[in-house]
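Student: Before we go through this model, could you explain how each label attached to it is justified?
Tutor: Let us look at it together and set each value beside its criterion.

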Amino acid sequence: MNLAVKPDTTKVVTFNIEYGEKVDQAILELQTIPELKNAHIILLQEMDEQGVKKMARALKLNYIYYPSAVHTYGRNFGEAVLTKGQIVQHFKVILPHRNPICHQKRIVAMAIIKLGEISVLAGSMHLEVNTLAVEKRIDQAHAVLNAVSDSINHVVLGGDYNTLVQNTIDSLDTMIEKAGYQRATKDVDFTIASAPFGWLKLNMDHLFVKGFVPFGSGSYKKSLASDHYPVWALLIPNN
């Protein structure tokens, strides 16, 4: 795929770095892999404060971070937005429905970013795992849409949606398209390969956008930083 950057291109990467452990490897990939480097917006999941700060400093990006819970390993567990642009406002959205086993809550980290002539609302999200009923996980995604003001023209909502089966992805697509969004990463085949020899391939990480025209996307499947692959998309504002 031709990755030549067009005028007004916005490159977005979403990356679930498993438990925020292999931060140095993630930095290396974000600095050197053509599909990932020089991103305007990076959305991170499963991070703690120290890891986000280290990444932002190494990549020379502005950032915001919100924890959602203290994980069983004893560190904060949350979401971050890193960007080349100016962060003019930020907030978190607390998602409905606790995990039925560990009772943790999920959040979305939101930042309004000034990128050139446009303002972009970027949300880094991590929906609950499948121990929570699919209807409630779709309800979590719906809560994020409700938190976005109609006055905002350019929106990127990305992260780990924990979509284990295609029917869940289809349900998300239907709901979010009704709200004026599209999945910019529809061409991505899978973002995680698990089980022995990676035979179980799952498409769990997505980028949904409003006010942009996508013209390229993919997942970097040689990543050594996480059990998830980083996902990228190239976007052009449509107004």
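Tutor: A cavity is a set of grid points where a 1.4 Å probe fits but cannot get out, and lining residues have an atom within 4 Å of a point. Please keep in mind that this is a predicted model.

Student: Which residues line the largest cavity?
Tutor: By that criterion, the lining of the largest cavity consists of Met125, Ala141, Val144, Leu145, Leu157, Tyr161 and Ile176, and helix H3 (residues 134-146) gives the most to it, with three residues. The space in this cavity is about 30 Å³.

Student: What makes the lining nonpolar, polar or charged?
Tutor: Tyr counts as nonpolar, as do Met, Ala, Val, Leu and Ile, so the lining divides into seven nonpolar residues, no polar and no charged.

Student: Why is Leu235 called buried or exposed?
Tutor: Buried means under 20% relative accessible area, and Leu235 has 1%, so it is called buried. Leu235 belongs to strand S14 (residues 231-237), and, not counting residues up to four places away in sequence, it touches residues including Asp8, Val156, Ala184 and Val213. The C-alpha atoms of Leu235 and Val213 are separated by 5.5 Å, although the two residues are 22 residues apart along the chain.

Student: How do you know where on helix H1 the buried residues lie?
Tutor: In H1 (residues 23-32), Val23, Ala26, Ile27, Glu29 and Leu30 are buried. Seen down the helix axis, these residues fall within an arc of 165 degrees, so they line one face of H1. Their cover includes strand S1 (10-16), strand S2 (41-47) and helix H2 (49-59).

Note on methods: Residues numbered from 1 in each chain as written. Predicted model: local features only at pLDDT ≥ 70, side-chain atom pairs only at ≥ 80, totals over all residues. Heavy atoms only, no water. 1 Å grid on protein atoms, 1.4 Å probe; cavity = no way out; pocket = protein on both sides within 12 Å on 5 of 7 lines; lining within 4 Å. Points joined across faces, edges and corners; volume = space filled by probe spheres on them. Helix = DSSP H or I, 4+ residues; strand = E, 2+ residues; numbered from the N terminus. Buried < 20%, exposed > 50% of the residue type's maximum accessible area, 1.4 Å probe, protein only. Arc of directions from axis to C-beta. Contact = heavy atoms within 4.5 Å.
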